[in-house]
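Biologist: Could you take one helix of this protein and go through it slowly for a first-year student? Please set out how its sides differ and what lies against it.

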Amino acid sequence: MSTSQPATSTHYDPVATRVRGFGATVFAEFTALANATGAVNLGQGFPNFAAPDFVKAAAQQAIAADLNQYARSAGHPRLVRALAQVYSPLFGRTLDPMTEIVVTVGATEGIFASVQALVDPGDEVILIEPFYDSYPAAVTMAGGVPVYVPLRAPEGARSAAAWTLDLDELTAAITPRTKLLILNTPSNPVGKVFNRAELSALAEIVCRFNLTVLSDEVYEWMVYPPAEHVRIATLPGMWERTVTLGSAGKTFSVTGWKIGWAIAPPPLAHAILMAHQWIPFAVSTPMQEAIAVALEESQPRNYFAWLSAMYQAKRDCLLAVLTDVGLPPMTPDGSYFIIVDTGALPIATSPGARRDIAVCRWLTQEIGVAAIPPSPFYSAPHQSLTDNLARFTFCKTDETLDEAAHRLQRIKSVH
Ligand SMILES: Cc1ncc(COP(=O)(O)O)c(C=O)c1O
């Protein structure tokens, strides 16, 4: 009798096709490179300064109060009430905290749950390029089909506002299968704040083609005058067809707490809740309590105005440094990112290599300041649009920004 194992024809490969194409994100790669080389990390958008004391104290009290058990799936009552209080005037309507708000594990889960809730296999979803990189992943995992429409900037543009959507191009991309459009304002990575006229034109198209909008507004409090943040949900006919996402991570400089929210009319909020109840089911109870208290205290403390002024000062400092060292920036009207033009840098790339990635590796390794290449924010056919671009963030301490400014001076010697 043979003792050998029976031959097996089944090769063990448990990985689903829909995730097989995903690699490590550009943020993971460049943060690792920054850590390995000791570069100042102006790549990944996480604040490296302390969160406000009143926010931390609220979390300490929530832990001490033994708020340890599962939260209500749609959101801890105190948090949804605080959100309704803050957002009702901004939406120009009385939001129902129990039926129009879903608390999520950061805006990232808000994106994922919303797409799961609204997109059927084969549905097309319009993504405006450059897009936040979780959008195509969320669409693909729901079986949807991303359709890309790039913002276009004229040659030599020096402001985020100059990046605009060609409405004919957008209209041409819409088919009978188009279901959803994902909007991001203020945008990452450009820092574009869509103005009222742009959003009205977009809303007209959305209504004409009977689409739904997922409006990612996580940078809503980082808007620099004279720009103003307009919520597309407040435009005529749009409340019924818009999901608006927010993030405590961005708002209170606590990205690791992973608290976000979706605001939507009851049928859409209910659909999101139906997806959410099977993703995390519920979100950290003490952290929700802490964010509730933080929101309650924000208005008497004038916190949101402080946050925007704090970031505007950092933006202006970094803009001056980038201009001085020959990396002409596109002035952002919102967010904490700046896109620069790297065209003047003498960086040679091998055939087939992405120039923006080569430039950001060079900035990290040779100059000692990490930036993010924007090509992963584009679909493959449009990635050449970013050859001469890099993204810096200014959500860092003044000391970090000063050290980066000092190191960036080295660029002058290569021009
Ligand atoms: C446009 C955009 N949306 C969503 C997120 C994720 O938000 P959160 O940290 O709340 O999950 C980010 C984070 O960088 C972002 O830039």
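Modeller: What follows is a close look at helix H14, with a short view of the whole chain at the end. This is a predicted model, in which local features need pLDDT of at least 70 and side-chain atom pairs count only at pLDDT 80 or more, while totals for chains, interfaces and linings use all residues. Residues are numbered from 1 along each chain as its sequence is written, and side-chain values use heavy atoms, with hydrogens and water left out.

Helix H14 covers residues 398-408; helices (H or I, at least four residues) and strands (E, at least two) are DSSP runs, numbered from the N terminus. Within H14, Thr400, Leu401, Ala404, Ala405, Arg407 and Leu408 are buried, where buried means under 20% relative accessible area, exposed over 50%, and partly exposed in between, with a 1.4 Å probe and protein chains only. These residues lie on the same side of H14 because they cover an arc of only 165° around the axis, the arc being that of the directions from the helix axis to the C-beta atoms. An α-helix has 3.6 residues a turn, so residues three or four places apart point the same way. On the face turned away from the buried side, H14 carries the exposed residues Glu399, Asp402 and His406.

The cover over the buried residues of H14 includes helix H12 (303-324) and helix H13 (355-367), together with strands E1 (40-41), E12 (369-370) and E13 (389-393); contact here means heavy atoms within 4.5 Å.

As for the whole, the protein chain has 14 helices and 13 strands, and buried residues make up 56% of its 415 residues.
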